[in-house]
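Visitor: I have a structure to look at today. Could you walk me through some questions about it?

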Amino acid sequence: MVVVVFSPTADGVIAALLAPLFMTIGFFIWDVRWTASGGSAFALNMYKCLTASIGFIIMCLIRGFSNMDIASADVFTANNIGYLLLSSTLGIIVGDLLWLEALRLIGAKHVIVIDSIKPFAAAILGRIFLQENLRPPAWGGMFLTVLGVGVVSWEEQSKSSQSKEDAEDECDDTNAVQIESDRIDNDADDIGTTQISSQNTDDKVSIPDDKSKRYWRGYTCAIINVLADSFGSLLTKQHGVGMTTWTINLLRFGFAGIILLLVSIAMRLHGCYRSSRIDGHSQHTKNENKEDTESTLHIDQCCNTLSTPAQQQHLRPLWYQLPSLKLKGWLQISGGVALVTFLCPAFEKFALFQITLALAISLSSIGPLYGLLLEVPFKGKRPTIWGCLGACLAIAGVVILSVFGY
């Protein structure tokens, strides 16, 4: 049974506004703890999906799996469950991986530009498949919200990129001195020097082509992610009718967590299989070649056979493995999971069934606005003029959407 506090629409708007707040606070926690642990995005995605699913199971047992006014037999059909699992695949597994790949290829600035079309894609999908109409002022509010969030995000990424460029310049100066020293040491080997120079020339010539291909792949990943995420939300709203928000998230995150866990187990078994095949050979050669030693350490790491503390700290955790953290660290990571993967999706899915698809996605995209405000207590950074301007535009858009968006 759905509990109404003010009105269904007002409750939906409030839930959509609170969801990105929970997500942003959780991101600040992860930024400190998970980054320092050396864990991969895949491992974090697997851990958060499986951990949050435990909370969803508990809430389903307390609140029920379906609304009391709808028969369970009409809700939990093979068709509805199948489409919700497809929604999980599109939005969590495929969408998150493509989003992370786009960030790697083209950077956050360009991904922000592509992400800005998500509310408009949701509005079009809602109009076609759900017959949801937005009033003309709502389109203006959506544009202001997207523009304001884009300005805030762009400004934050500009400051971050500038800091990275300064650090890279210092690193390049150090590397240049080292390279020059290596060239002086190897001047006697004319053939080797000629080959290296030729290789460097080829690399320089191929940089434009590689950059063009990288941007093409990055923009493709970002666009597909927007479409997959929007379509996943559409499927959830179409086929999650009658289910509680806890049940919907249990199906979506539980399914994604199981798939990612199976991938992790398969990679571990593959590593152990490789270890059993080359164990005899590596025992004879690992003392002769440093590369063989590195390979052996990676294979041992797959099977968790590193025995000494020095060996365990030699390598960072593999992309499909959880990092090694103390209890306090795992508690903090789990706190971030409770905010990002438990409360945030619960409020998002509740809002999805109370307001239009476009309004729900637009309001849930204001996370950078909260990030601008939370940087003061978390990192001691003051917002810039452009950041404040973007925040004002986003707030104006949110007000217009909340009044005319349904």
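Visitor: Is W216 buried or exposed?
Guide: This model is predicted, and the values here are computed from it. W216 sits in helix α7, residues 190-239. Its relative accessible area is 66%. Exposed means over 50%, so W216 counts as exposed.

Visitor: How far apart are the C-alpha atoms of W216 and L105?
Guide: Along the chain, W216 and L105 are 111 residues apart. In space, their C-alpha atoms are separated by 9.1 Å.

Visitor: Which elements make up the chain, helices or strands, and how many are there?
Guide: From the N terminus on, every entry in the run of elements is α. Strands number zero. The count of helices is 14.

Visitor: What span should helix α11 have, and what is the distance between its end C-alpha atoms?
Guide: Helix α11 covers residues 327-352, which is 26 residues. At 1.5 Å a residue, the expected span is 38 Å. That agrees with the distance between its end C-alpha atoms, 36 Å.

Visitor: Where does α11 bend by about 30°?
Guide: Take the axes fitted to the seven residues ending at a residue and the seven starting there. In α11, the angle between them is about 30° at V337.

Visitor: Is C60 buried or exposed?
Guide: The cut-off for buried is under 20% relative accessible area. C60 has 1%, so C60 is buried. C221, at 13%, also falls under that cut-off. For C60, the answer is buried.

Visitor: How many disulfides are there?
Guide: A disulfide needs a pair of cysteine sulfur atoms within 2.5 Å. By this rule, the count is zero.

Methods: Residues are numbered from 1 along each chain as its sequence is written. This is a predicted model: local features need pLDDT of at least 70, side-chain atom pairs count only at pLDDT 80 or more; totals for chains, interfaces and linings use all residues. Side-chain values use heavy atoms; hydrogens and water are left out. Buried means under 20% relative accessible area, exposed over 50%, partly exposed in between (1.4 Å probe, protein chains only). Helices (H or I, at least four residues) and strands (E, at least two) are DSSP runs, numbered from the N terminus. The expected span of a helix is 1.5 Å times one less than its number of residues.
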